[in-house]
Structure formats: C-alpha cells, structure tokens
Amino acid sequence: MEIAVFRSKPRSLAAIHTLGTKVNFYTAGVLTCVAVLLLACGSKEHEPSEQEWEQKVRGVKTSLITRYNPTEFPPRDFTERKVFTCNLQELLIGQNGKPILFEGFLDDITKDGEQFAVHFTSRLSHDSSDDRTVRFHLKCQYGDVRRLIEKPPKHQRLSKYLFLKGIRKDFLVVCLVTDVKKIVNYTVMGRSSEGSKEVDLEVTSPDTFSVHGKLLEMVRYSDILLDGQERHP
C-alpha cells in the first residue's frame, strides 16, 4: 500500500503541472487576442470613418451650392431619355447665366498664349452603364491650376474608367457655360467566334457633347480631408 501511495503522488503532481501549463497557455492566448483588438481599435481611432468622409463631402458641396446657387448636372431624368443638343443648351446656357455644378474627371490642362484652360469629362446620366459623356473645356486663371501643374496627380491607368462607372470620384466643379455642341464619334470593334476566320464589326456612336465655358471653382475630392491651405487650388 505504501508503494502504491508513493507512486500515485508523482502522477497527481504531473497532472496538476499539465493543467497549470494549459491554463497558462489559455490565459496567454486570451491576453494576446485582447491586446490585438485594443491595438486595432486604437489604430482606427485616427482614421477618418466613411461617415466622417461623407459628412465632409456634403459640407463642401453645400458650401458651393450656397455660394453659387448652381444648377446641378446631370439631371436625374437624363438617365431615362435621349438628350438632344437643344436640351443641353437650354439647361446649361439658357438660365440667365446660372452656374453649373458637376462631378468631373480631369483630362487635361492647356495653355494658349497666356490663357489657360482646364478640361473635364462628366457623365451625362447617373446610370453607371450609360456611356454618354459631356466634355467641359473651361477657361481659367493660372492660379486655378498652378498646384496641379507643379505637382501633377499620380497616373492610374483605370482611374477614368472607374470614374465613368461611378466608382471613383475626382473633382467637384462649378462653371459658367457659353457654348454646347455635339461630337460625332464612331467606335469600331471587331468580334469573332473561336475557330472562325470571320470577323463581325460592331459600330457604335455613343452621344458625346462638347461644352465650353469659364471655370468658377473646382475642388478635388482627395483634398477635402486636408486643410484648406493644401487644397487644389
């Protein structure tokens, strides 16, 4: 009996030691998870939330609307109907010089003598599958585009495509329009079936309008979260 008792004690101690080790590992795991969660939450405290971003964007847009009382472009009903040149002329010009507010993608900045111009592409409707566009060519001052010329935005190959699909935002623009014309632009695409030598040609001509005018103000979306001194322009 004494021998039996003598052998049972080491087994109990080993079991207790094993249990203690498991508890220690478990506790360490819990503490590690808690630490990771606290670090993750702490790092996000300094990141602007989507709600904060949207609130700042609304604030900038409201400020532009209050200052200029513009017509917002494009109208909602353009999504469901064909738009003629005369429709755009009446909307963009025929409102006694009322400014226009639109979302544009910056295509180019040009200079003719001492006159600068900034060029944007805008969608004609709010439907992301709609390939109709409006190109704005707006005269401006050097001060309006100086920062962009001195420090051009990074080139991103798909940025314009993402803008036209309503995924990416680029600029909020306020302008006065003086002229509207339609551009005839045909696109030819060849399609063929696998293993076939025949090529079917698909000819498309999406509506594209050219608009000329004067820039009043532009705000780059990526600058909205920055201080006013760092915005373009």
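Is F73 buried or exposed? In this predicted model, F73 is buried, because its relative accessible area is 6%, a value under the 20% that marks the limit for a buried residue. To see what surrounds this residue, it helps to follow the strands and then come back to the aromatic rings.

Strand β1, which covers residues 71-73, pairs with strand β2, residues 100-112, in the parallel sense, and three bridges connect them. Within this pairing, T71 of the one strand stands opposite I100 in β2. Strand β2 also pairs with strand β5, residues 171-183, here in the antiparallel sense and over five bridges, and in that pairing F171 in β5 is the bridge partner of G104.

A further pairing of β2 is with strand β3, residues 115-123, where seven bridges join strands that run antiparallel, and where K111 stands opposite F116 in β3. These two strands form a hairpin with two residues between them, and in this hairpin G113 takes a positive phi near 70 degrees.

From β3 the path leads on to strand β4, residues 133-140, and the loop between these two strands holds R132. Although arginine may be a residue that a student expects to find elsewhere, R132 counts as buried, because its relative accessibility is 10%. The side chain of R132 is joined to that of D130 by a polar contact of 2.7 Å. Beyond its neighbours up to four places away in sequence, R132 touches several residues, among them F78, R81, R123 and D207.

Strands β3 and β4 pair in the antiparallel sense over eight bridges, and one of the facing positions is F120, whose bridge partner in β4 is F136. Strand β4 pairs with strand β8, residues 208-220, as well, this time in the parallel sense over seven bridges, with K139 standing opposite K214 in β8.

What is the relative accessibility of F136, the residue in strand β4 that was just met as a bridge partner? The value is 0%, and therefore F136 counts as buried. The C-alpha atoms of F136 and S210 are separated by 6.3 Å, while the two residues are 74 residues apart along the chain. Leaving aside neighbours within four places in sequence, the contacts of F136 include F73, F102, V118, C175 and V211.

The cysteine in that list, C175, is buried, because its relative accessible area is 0%, and C140 is buried too, with a relative accessible area of 5%. A disulfide is a covalent bond between the sulfur atoms of two cysteines. In this model the count of disulfides comes to zero.

The aromatic rings bring the reader back to the opening residue. A search of the whole structure finds seven aromatic pairs. One of them is formed by F73 and F136, an edge-to-face pair with 6.1 Å from centre to centre and 75 degrees between the planes. This pair links distant parts of the chain, since F73 lies in strand β1 and F136 in strand β4, 63 residues apart. Another aromatic pair, formed by F116 and Y142, is tilted, with 5.3 Å from centre to centre and 45 degrees between the planes. Because F116 lies in strand β3 and Y142 in helix α4, residues 142-150, this pair ties together parts that are 26 residues apart in sequence. F116 counts as buried at 10% relative accessibility, whereas Y142, at 38%, counts as partly exposed. Finally, ring pairs link F73, F78, F102, F120, F136 and F171 into a cluster.

Conventions:
Residues are numbered from 1 along each chain as its sequence is written. This is a predicted model: local features need pLDDT of at least 70, side-chain atom pairs count only at pLDDT 80 or more; totals for chains, interfaces and linings use all residues. Side-chain values use heavy atoms; hydrogens and water are left out. Two strands pair if DSSP finds at least two bridges between them. Helices (H or I, at least four residues) and strands (E, at least two) are DSSP runs, numbered from the N terminus. Buried means under 20% relative accessible area, exposed over 50%, partly exposed in between (1.4 Å probe, protein chains only). A polar contact is a pair of N or O atoms within 3.5 Å; within protein, one must be able to donate a hydrogen and the other to accept it, and residues adjacent in sequence count only if both atoms are side-chain atoms. Contact means heavy atoms within 4.5 Å. A disulfide is a pair of cysteine sulfur atoms within 2.5 Å. Rings of Phe, Tyr and Trp (its six-membered ring) pair if their centres lie within 6.5 Å; planes under 30 degrees apart count as stacked, over 60 as edge-to-face and the rest as tilted.
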